[in-house]
Amino acid sequence: MTESGDQFAGTSARSTKHSPRVDEELEHEIQGMLKAEHATRAQEWREVEPVAEGDPDITADPAGTLVGGVPVGMTEDAVVARAELARWLTREPFPGTRDELIEMARDHRAPDAVVAELERLPEGETFERVGDVARALGYPTET
């Protein structure tokens, strides 16, 4: 092999993990997906199972609004707020008081907005779960 410039000959043209033959096989395997924009596997068991009929679509729209999955009696903003609280409050502090929840959120490096929401909680109450925290903050919950 010869060197051209400051690059070793052939390094950009071949993979360091596979042989050229295997690289070509892998490229051929994904051509159907690239052209058809969906999986083209022959084995059905390898496909992702679709959402069952009647189940809500639990995907998120790239624009930021939720598509399906919003419980009756709640708004999209309430779902997002409760999810953000649940993200930073694990099961460890429950049941817990306002101060314990704030401390746990800070330990998990929660954003200032989440800590500020928790600081609005009434003092002297014990909260059993994230739903109790959301209700105490005035967010609507499922009916």
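Helix H1 bends by about 35 degrees at Ile30. This is a predicted model. The protein chain has five helices and six strands. Its largest nonpolar core holds 16 residues. Two backbone features also stand out for review: a cis peptide bond from Phe94 to Pro95, and a positive phi at Arg109.

**Helix H1**
- H1 covers residues 20-36, a run of 17 residues.
- From first C-alpha to last, H1 reaches 25 Å. That is close to the 24 Å expected at 1.5 Å a residue.
- The bend of H1, about 35 degrees, is placed at Ile30.

**Overall layout**
- Along the sequence, the protein chain runs β-β-α-β-β-α-β-α-α-β-α.
- The protein chain has 143 residues, and 20% of them are buried.
- Among contacts in the protein chain with a separation of 6 or more, 41% join residues 24 or more positions apart.
- The exposed area of the protein chain is about 11000 Å². Carbon and sulfur atoms supply 51% of that area.

**Nonpolar core**
- Six members of the largest nonpolar core touch the most other members: Leu85, Phe94, Leu101, Leu118, Leu121 and Val133.
- Four helices each give two or more residues to this core: H2 (76-88), H3 (98-107), H4 (112-119) and H5 (130-136).
- Beyond its neighbours within four places in sequence, Leu121 is in contact with Arg98, Leu101, Phe127, Val133, Ala136 and Leu137.
- Two of these partners, Leu101 and Val133, are also on the list of core residues that touch the most other members.

**Helix H3**
- Arg98, Leu101, Ile102, Met104 and Ala105 are the buried residues named in H3.
- Viewed down the axis of H3, its buried residues fall within an arc of 165 degrees, so they line one face of the helix.
- An α-helix has 3.6 residues a turn, so residues three or four places apart point the same way.
- Arg106 and Asp107 are exposed, on the other side of H3.
- The cover over the buried residues of H3 includes three helices, H2, H4 and H5. It also includes strand S5 (96-97) and strand S6 (126-127).

**Trp88 and the H3-H4 loop**
- Trp88 sits in helix H2.
- Trp88 has a relative accessible area of 14%, under the 20% cut-off, so Trp88 counts as buried.
- Setting aside neighbours within four places in sequence, Trp88 is in contact with Met104, Ala105, His108, Arg109, Ala110, Pro111 and Val114. Two of these partners, Met104 and Ala105, are buried residues of H3.
- Trp88 and Arg109 are 21 residues apart in sequence. Their C-alpha atoms are 8.0 Å apart in space.
- Arg109 belongs to the loop between H3 and H4, and follows H3.
- Phi of Arg109 is near 60 degrees, a positive value in a residue other than glycine.
- Arg109 has a relative accessible area of 73%, over the 50% cut-off, so Arg109 counts as exposed.
- The contact between Trp88 and Arg109 thus pairs a buried residue with an exposed one.

**Cis bond at Pro95**
- The peptide bond from Phe94 to Pro95 is cis, with omega near -15 degrees.
- Pro95 lies in the loop between H2 and S5.
- Phe94, on the other side of that bond, is among the core residues that touch the most other members.

Definitions and conventions. Residues are numbered from 1 along each chain as its sequence is written. This is a predicted model: local features need pLDDT of at least 70, side-chain atom pairs count only at pLDDT 80 or more; totals for chains, interfaces and linings use all residues. Side-chain values use heavy atoms; hydrogens and water are left out. The expected span of a helix is 1.5 Å times one less than its number of residues. The bend at a residue is the angle between axes fitted to the seven residues ending there and the seven starting there. A nonpolar core is a set of buried Ala, Val, Leu, Ile, Met, Phe, Trp, Tyr and Cys residues joined through side-chain atoms within 4.5 Å. Buried means under 20% relative accessible area, exposed over 50%, partly exposed in between (1.4 Å probe, protein chains only). Contact means heavy atoms within 4.5 Å. The arc is that of the directions from the helix axis to the C-beta atoms. Accessible areas come from the Shrake-Rupley method with a 1.4 Å probe; for residues, only the protein chains shown count as cover.
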